[in-house]
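Student: I should like a close look at a single strand and at the parts of the fold that surround it. Please give one connected account, with the cut-offs stated for each term.

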Amino acid sequence: MAFDIRAFAAMRFGGHGNRLGIAFHDASDDWVEMALPYRTDMIGDPASGVIASGPIVALMDIATSMAVWMRAGRFVAHATLDLRVDYLRGAKPGHTVIGRGECYRITRSVAFIRGQAHDGDPDDPIAHVAGTFMAPEGYP
């Protein structure tokens, strides 16, 4: 049986992802999209109305982590080893941010990821990410 990312995402865990309202958006075999709805309590600069960068980094960490599980075909306990973020611009006020994470390679214990966040137009990204996750017990 294939890993059901939709059912997994629907379990609504506690922690920062749940607090931020991050929800499943779409998926394929090696990528996952998660959505971060706009909320005024996440604004970093009240004068601009732009969501702070922290929730967007959290969104990308979750989306890329889930992309690893899609590629692995199951949940694997792992930790973010490295997540580099190129924050290109602020998100447009009032818009939901979509984070797309892709796992492009898995070794015995390290998964390699990349992704981007946008607020409606993938050709006008908010941020790009690249990084690695490590599974102490190994990936399948």
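Tutor: In strand E2, the side chains of Trp31, Glu33 and Ala35 point one way, those of Val32, Met34 and Leu36 point the other way, and all are buried. Buried here means a relative accessible area under 20%, exposed means over 50%, and partly exposed lies in between, for a 1.4 Å probe and with protein chains only. Strands (E, at least two residues) and helices (H or I, at least four) are DSSP runs, numbered from the N terminus. The model is a predicted one, in which local features need pLDDT of at least 70 and side-chain atom pairs count only at pLDDT 80 or more, while totals for chains, interfaces and linings use all residues. Residues are numbered from 1 along each chain as its sequence is written, and side-chain values use heavy atoms, with hydrogens and water left out.

E2 is thus mostly covered, with six of its six residues buried. Its strand partners may be taken in turn; two strands pair if DSSP finds at least two bridges between them. E1 and E2 run antiparallel and are joined by four bridges, and the two strands form a hairpin with three residues between them. Within that pairing, Ala23 has Ala35 of E2 as its bridge partner. E2 also runs antiparallel to E6, to which six bridges join it; here Glu33 has Arg100 of E6 as its bridge partner.

Ala35 deserves separate attention. This residue of strand E2 has a relative accessible area of 12% and is therefore classed as buried. Leaving aside residues up to four places away in sequence, Ala35 touches Gly21, Ile22, Ala23, His25, Leu59, Thr96, Val97 and Ile98, where a contact means heavy atoms within 4.5 Å. Of these, Leu59 lies 24 residues from Ala35 in sequence, and the C-alpha atoms of Ala35 and Leu59 are 7.6 Å apart.

The other face of E2 leads to the nonpolar core, defined as a set of buried Ala, Val, Leu, Ile, Met, Phe, Trp, Tyr and Cys residues joined through side-chain atoms within 4.5 Å. The largest such core has 37 residues, of which Ile5, Val32, Met34, Leu36, Met66 and Val97 touch the most other members. At least two residues of this core come from each of helix H1 (5-10), strand E2 (31-36), helix H3 (53-72), strand E6 (97-106), strand E7 (110-118) and strand E8 (127-134). H3 supplies the largest share, twelve residues. In soluble globular proteins, nonpolar side chains tend to be buried together.

Met66 shows how E2 is tied into this core: apart from residues up to four places away in sequence, Met66 touches Ile5, Phe8, Ala9, Val32 and Met34. Helix H3 also holds Thr64, which at 0% relative accessibility counts as buried. Thr64 touches Gly101, Ile113, Arg114, Val129 and Phe133, again not counting residues up to four places away in sequence. Val57 is likewise found in helix H3, but at 32% relative accessibility Val57 counts as partly exposed. With Val85 and Tyr87, Val57 makes a nonpolar surface patch of about 200 Å². Patches are made of residues with over 30% relative accessible area and no salt bridge, like charges being joined within 9 Å and nonpolar side chains (Val, Leu, Ile, Met, Phe, Trp, Tyr) within 5 Å; the areas come from the Shrake-Rupley method with a 1.4 Å probe, and for residues only the protein chains shown count as cover.

The charged pairs complete the picture. A salt bridge is a side-chain nitrogen of Lys or Arg within 4 Å of a carboxyl oxygen of Asp or Glu, and the whole structure contains eight. One of them joins Arg6 to Asp26, with the closest N and O atoms 3.9 Å apart. This pair links distant parts of the chain, since Arg6 is in helix H1 and Asp26 in strand E1 (residues 23-27), 20 residues apart. Both ends are partly exposed, Arg6 at 46% and Asp26 at 30% relative accessible area. Asp41 and Arg39 form another salt bridge, the closest N and O atoms being 3.0 Å apart, and a network of salt bridges links Arg19, Arg39 and Asp41. Asp41 counts as partly exposed at 47% relative accessibility, as does Arg39 at 23%.
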